[in-house]
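Reader: I have a model open and would like to talk it through with you. Could you show it here so that we can start?

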Amino acid sequence: MENQANIGEISQKTKVRSVIFSLIGVFFFFVNVNFRGKTTVPMVHVMNLAKDIITKPVLNVIIMICCLAVLLMAIIVKANPEKHQRLGKYYKKTGVITFAMYIAAAIFSVLTITNKGPEYIIQPSIGGSAIAVAGDVFLAVVIAGSLVTFLLEFGFFEFLGYLMEPIMRRLFLLPGKSAVDALSSFVASSAVGVMITSDLYVKKAYTAKEASAITTNFSVCSLGAFAFLSANVGVEEHYLKVVITGLIITFLMAIIMVRIYPLSRKEHTYIDGTVQTEEERAPKNYHSGMFKEALSLGFQKASTTQNDIFLKGMESSFMFGLKVVSYVVSLSVISLFIATYTPIVRFIGAPMVPILNLLGMPNAEMIAPSTLVGIFGLAIPTVLLKGKAIELVSAFFIVVLSTSQIIFFTESANAMLESEIPVKFGELILIFVIRTIILVPIVAVVAKLLF
């Protein structure tokens with residue numbers, strides 16, 4: 001292994017810190033705990049406590065302030081980028097469409113919170129719903145993004161990623177380090193996964209084909225996103241079942257997608273044009289010293305982690321949460337308006353009704369639009385169903401489907417297009433359609449087996 005220190009060269013203090021903090025992270029995200037009559041992971045309990053303490057009216061006002069702040073900061077950065085370089089790193093690729101979303105979010109939030117504006121915007125089922133969902137999203141992103149530092153910065157992913165390398169090459173035709181990209185998205189956000197992949201592509205760690213495959217298959221939504229989507233349709237008590245099912249199906253889809261068009265046609269070339277050799281693509285084998293080497297990698301990571309890492313994690317998750325809120329408010333209001341006052345969503349979902357009926361899914365007409373609108377935003381499918389009486393199996397189906405589609409333009413797809421990864425707008429649309437066609441019957445069968 002290159003650039004790896006011997007375990008004996010790493011201090012006992014670093015080893016203990018790595019193990020303890022990693023276990024804390026595992027506890028927060030993966031261990032079910034019963035609290036106040038509900039059984040779920042501690043991270044979700046923290047979110048629920050935060051909602052109780054802040055209260056809904058206060059959180060609504062906070063969301064309005066967030067939307068205004070995002071727009072103001074974007075204007076300030078664009079007006080004088082040299083003077084605001086620290087803030088500018090969060091807005092370096094803000095374009096015309098992004099600005100339009102920020103402006104729309106600011107307008108919609110002010111109209112809704114002040115209750116002064118057109119009824120078709122400020123009514124509870126549209127503006128009110130968008131603000132409520134944005135509040136859930138904001139808390140999920142900030143809280144999960146802060147807690148995920150325990151998993152990301154103390155060696156857990158380096159350890160796990162190294163152990164998965166032989167599997168990743170054989171199953172996904174990808175290097176082992178791509179497992180870290182996938183899990184970084186899973187516990188942080190899909191944008192984090194995209195950024196990691198783009199950075200490694202620029203550094204010649206990935207070829208064009210590998211980077212494209214990783215970002216369109218492994219930029220999964222975060223654990224926090226799983227939590228708020230589950231809450232939107234009332235399946236939060238089945239959170240772990242949703243997460244495990246979604247992750248397994250997403251990895252199954254990756255096995256399929258990397259072997260078919262358009263990803264199969266991508267070149268085995270690095271960013272500088274160098275062609276990857278067959279030897280470089282050959283899968284490695286497990287060996288007796290692999291566990292020790294994985295531990296060494298994990299401890300190495302922990303040894304480089306600075307004491308201010310939690311403050312940095314809180315800052316980045318807060319700033320990311322601000323931007324996500326604006327997208328959620330603007331796109332949710334627009335989508336809900338279209339769904340309520342136009343036949344477009346029902347028209348889009350109409351072809352799915354007979355398919356869902358054939359698969360035996362309850363509430364087929366009600367959930368059909370939600371099978372296809374996820375491309376606009378991760379939260380939109382569940383926003384359309386929030387507060388509606390749908391059966392548990394259908395709610396579970398929509399959450400798992402929307403989290404497995406990967407391509408949604410409020411975050412992951414937008415990040416992909418802004419990155420250095422060679423994927424185009426049309427390719428992302430095609431990948432979303434192909435994923436959905438394959439996913440619908442798979443997720444329906446699994447949902448019916450589980451419920």
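Reader: How far is the sulfur of Cys 66 from the closest cysteine sulfur?

Author: Happy to help, and please keep in mind that this is a predicted model. A disulfide needs two cysteine sulfur atoms within 2.5 Å. The closest cysteine sulfur to that of Cys 66 is in Cys 67, and it is too far for a bond, because the distance is 6.8 Å.

Reader: How many disulfides does the structure hold?

Author: A pair counts when its cysteine sulfur atoms are within 2.5 Å. For the structure, the number of disulfides is 0.

Reader: Is Cys 221 buried or exposed?

Author: Buried means under 20% relative accessible area. Cys 66 has 6% and falls under that cut-off. Cys 221 has a relative accessible area of 3%, so Cys 221 is buried.

Reader: What is the radius of gyration of the protein?

Author: Let me start with the fold, which comes to 25 helices and 2 strands. For 451 residues the globule rule gives 22 Å, and the protein is close to that, so it is as compact as a globular protein of that length. Along the principal axes, the C-alpha atoms fill a box of roughly 65 × 50 × 50 Å. The radius of gyration is 22 Å.

Reader: How far apart do the centres of the positive and negative side chains lie?

Author: Good one for setting up electrostatics! The protein has 36 positive side chains and 28 negative ones. The centres of these two sets lie apart by 3 Å.

Key. Residues numbered from 1 in each chain as written. Predicted model: local features only at pLDDT ≥ 70, side-chain atom pairs only at ≥ 80, totals over all residues. Heavy atoms only, no water. Helix = DSSP H or I, 4+ residues; strand = E, 2+ residues; numbered from the N terminus. Rg over C-alpha atoms; globule rule 2.2 N^0.38 Å. Lys, Arg positive; Asp, Glu negative; His and termini not counted. Charge placed at Lys NZ, Arg CZ, Asp CG, Glu CD. Buried < 20%, exposed > 50% of the residue type's maximum accessible area, 1.4 Å probe, protein only.
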